[in-house]
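Biologist: Could you take a close look at one part of this model for me and talk me through what sits around it? I'd like one connected picture rather than a list.

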Amino acid sequence: MQSKTLSLPKLNRLNPSLESTALKLMEETGELAQAIGKFRGLSGEKIFMDEKETLDEIARELLDVAQTAVTMMFVMEDTYGINIDDSLKSHLLKLETKGYLRR
Ligand SMILES: [Mg+2]
């Protein structure tokens, strides 16, 4: 099974809440959608970025989404006592049960 391990920091200059991180996640997913769609001309508008610039922008926005998701995980742990490691085990089991993973 191939896997990507990603380590992202807990931001220490912000006071994120469940609501603020949820809104930020939507904002960042919107920016990702913009990079995938608009910057590649899918909206019919004129394109100002070349393909390499667009793909780099997509990667940057994808990491913004990941960082915000990780920040929300820290909020779930710190504010609500959720054990994300336990949640991760359930998540992996779910993927296996649904047939998305082969052992
Ligand atoms: Mg962004």
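Modeller: Sure, and I'll come at it from the far end. Right after α3, Gly99 has a positive phi of about 85°. Keep in mind that this is a predicted model, so read everything below as computed from it.

Let's stay with α3 for a moment. The helix covers residues 84-97, and its end C-alpha atoms sit 19 Å apart; at 1.5 Å a residue, 14 residues should span 20 Å, so the two values agree. How many of the 14 residues of α3 are buried? The number is zero, so the helix lies largely in the open.

Stepping back along the chain, there is another glycine with a positive phi: Gly81, just after α2, at about 70°. The helix before it, α2, takes in residues 51-80, 30 of them. From first C-alpha to last, α2 reaches 42 Å, close to the 44 Å expected at 1.5 Å a residue.

Unlike α3, where the buried count is zero, α2 does have buried positions: Glu61, Thr68, Thr71 and Val75. What do the buried residues of α2 pack against? Their partner is α1, residues 18-36.

Now for how those two helices meet. The axes of α1 and α2 come within 9 Å of each other and cross at roughly 165°. An angle over 145 degrees counts as roughly antiparallel, and α1 and α2 are therefore roughly antiparallel to each other. As for handedness, α1 passes α2 in a left-handed crossing. Sorted by class, the contact of α1 with α2 holds 12 nonpolar, six polar and six charged residues.

The beginning of α1 is worth zooming in on, so take three of its residues in turn. Leu18 belongs to helix α1. Is Leu18 buried or exposed? Leu18 has 12 C-beta neighbours inside 10 Å, and 12 or fewer means exposed. Even so labelled, Leu18 touches Val75 and Thr79, leaving aside residues up to four places away in sequence. Val75 is one of the buried residues of α2. Leu18 and Met72 are 54 residues apart along the chain, with their C-alpha atoms separated by 6.5 Å.

Glu19, also in α1, counts as exposed because it has 9 C-beta neighbours inside 10 Å. Its C-alpha is 20 Å from that of Ser87, with the two positions 68 residues apart in sequence terms.

Ser20 is in α1 too. This residue is partly exposed, as 15 other C-beta atoms lie within 10 Å. Met72 turns up again here: its C-alpha and that of Ser20 are separated by 8.9 Å, at 52 residues apart along the chain.

To pull it together: α1 and α2 are roughly antiparallel, the buried residues of α2 pack against α1, and α3 lies largely in the open, since its buried count is zero.

Methods. Residues numbered from 1 in each chain as written. Predicted model: local features only at pLDDT ≥ 70, side-chain atom pairs only at ≥ 80, totals over all residues. Helix = DSSP H or I, 4+ residues; strand = E, 2+ residues; numbered from the N terminus. Expected span 1.5 Å × (residues − 1). Buried ≥ 20, exposed ≤ 12 C-beta atoms within 10 Å, placed from the backbone. Contact = placed C-beta atoms within 7 Å. Axes fitted to C-alpha atoms, helices over the stretch in contact; angles between N-to-C directions. Parallel < 35°, antiparallel > 145°, perpendicular 65-115°, else oblique. Left-handed = near helix turned anticlockwise from the far one by under 90°. Nonpolar A, V, L, I, M, F, W, Y, C, P; charged D, E, K, R; others polar.
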